[in-house]
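Here is a set of questions and answers on how the terms applied to one model are justified. Each answer sets a value against its definition.

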Amino acid sequence: MSTLSNVIKNSFMSIGLGFIGVLLDKSLAAGFLTKFFEENLITILVALLAINATTMGIVLTKIRELTDKINKPSAFAETKAEMLITVKEQVGLIIIGVVLLICNSSLVVSGNAQLALVVETLIAGVFAYGLIILYDTATSVLIIIDFDAQ
């Protein structure tokens with residue numbers, strides 16, 4: 001699957017998960033998600049970026065060992081390119097998260113229930129997307145471990 005189609009698929013899945021989370025939060029009249037994301041979203045996204053960067057460093061080290069072992073330096077070129085895209089996605093999520101949190105605290109959004117629902121859904125979607133990236137990175141570790149066993 002191409003990178004663009006992955007980003008689109010992940011975006012829609014994240015927005016869907018965000019919408020479900022926001023609807024659940026609102027139907028229970030909890031107000032937890034909005035407060036939680038206002039206080040923690042950017043910190044969580046930066047922490048996820050740090051975790052993923054560290055994990056990718058480990059994966060790239062193992063990839064280097066494997067390419068040296070099979071004497072094929074370009075064997076994982078596409079994997080390395082995908083990892084760079086992941087970092088760009090995460091930086092983009094941090095920027096989008098900041099913009100959405102600013103919008104969410106504005107009088108324009110808070111005065112319009114439908115617009116507030118959209119912005120809150122997108123904020124929750126940014127969080128979900130960050131978790132999807134974390135999952136993908138963790139999966140890459142397992143793939144590398146399995147590859148080494150072959």
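**Terms and values**

Q: Why is Ile143 called exposed or buried?
A: Ile143 has a relative accessible area of 53%. Buried means under 20%, exposed over 50% and partly exposed in between, with a 1.4 Å probe and protein chains only. Ile143 is therefore exposed. Its place is in helix H5, where helices (H or I, at least four residues) are DSSP runs numbered from the N terminus.

Q: What kind of model is this, and what counts in it?
A: This is a predicted model, in which local features need pLDDT of at least 70 and side-chain atom pairs pLDDT 80 or more, while totals for chains, interfaces and linings use all residues. Residues are numbered from 1 along each chain as its sequence is written, and side-chain values use heavy atoms, with hydrogens and water left out.

Q: Why is Phe37 called buried or exposed?
A: The relative accessible area of Phe37 is 5%, so Phe37 is buried.

Q: What makes a group of residues the largest nonpolar core here?
A: A nonpolar core is a set of buried Ala, Val, Leu, Ile, Met, Phe, Trp, Tyr and Cys residues joined through side-chain atoms within 4.5 Å. The largest such core has 18 residues, and Phe37, Leu41, Leu45, Leu93, Ile123 and Val126 have the most contacts inside it. Helices H2 (32-70), H3 (77-104) and H5 (113-149) each supply at least two of its residues. H5 gives the most, with seven residues. Another core lies apart from it, with seven residues, among them Val59, Ile63, Leu66 and Phe76.

Q: Which residues is Leu41 in contact with, leaving aside neighbours within four places in sequence?
A: Contact means heavy atoms within 4.5 Å. By that rule Leu41 is in contact with Phe36, Gly97, Leu101, Ile123, Val126 and Phe127.

Q: How many aromatic pairs does the structure hold?
A: The structure holds three aromatic pairs.

Q: Why are Phe37 and Phe127 called an aromatic pair, and which kind?
A: Rings of Phe, Tyr and Trp (its six-membered ring) pair if their centres lie within 6.5 Å; planes under 30 degrees apart count as stacked, over 60 as edge-to-face and the rest as tilted. Phe37 and Phe127 are 5.2 Å apart centre to centre, with 50° between the planes, and form a tilted pair. Phe37 lies in H2 and Phe127 in H5, so the pair ties together parts that are 90 residues apart in sequence. Phe32, Phe36, Phe37 and Phe127 form one aromatic cluster.

Q: How do you know what H3 should span?
A: The expected span is 1.5 Å times one less than the number of residues. For the 28 residues of H3 the span should be 40 Å, and the end C-alpha atoms are 40 Å apart, which agrees.

Q: Why is Asn104 called buried or exposed, and what does it touch?
A: Asn104, found in helix H3, has a relative accessible area of 10%, so Asn104 is buried. Not counting residues up to four places away in sequence, Asn104 touches Thr34, Glu38, Val109, Ala116, Val119, Glu120 and Ile123.

Q: Which residues line the largest cavity?
A: The lining consists of Val22, Leu33, Thr34, Phe37, Glu38, Leu101, Asn104, Glu120 and Ile123. On a 1 Å grid over the protein atoms alone, a cavity is a set of points where a 1.4 Å probe fits but cannot get out, and lining residues have an atom within 4 Å of a point. H2 gives the most to this lining, with four residues.

Note on methods
1 Å grid on protein atoms, 1.4 Å probe; cavity = no way out; pocket = protein on both sides within 12 Å on 5 of 7 lines; lining within 4 Å.
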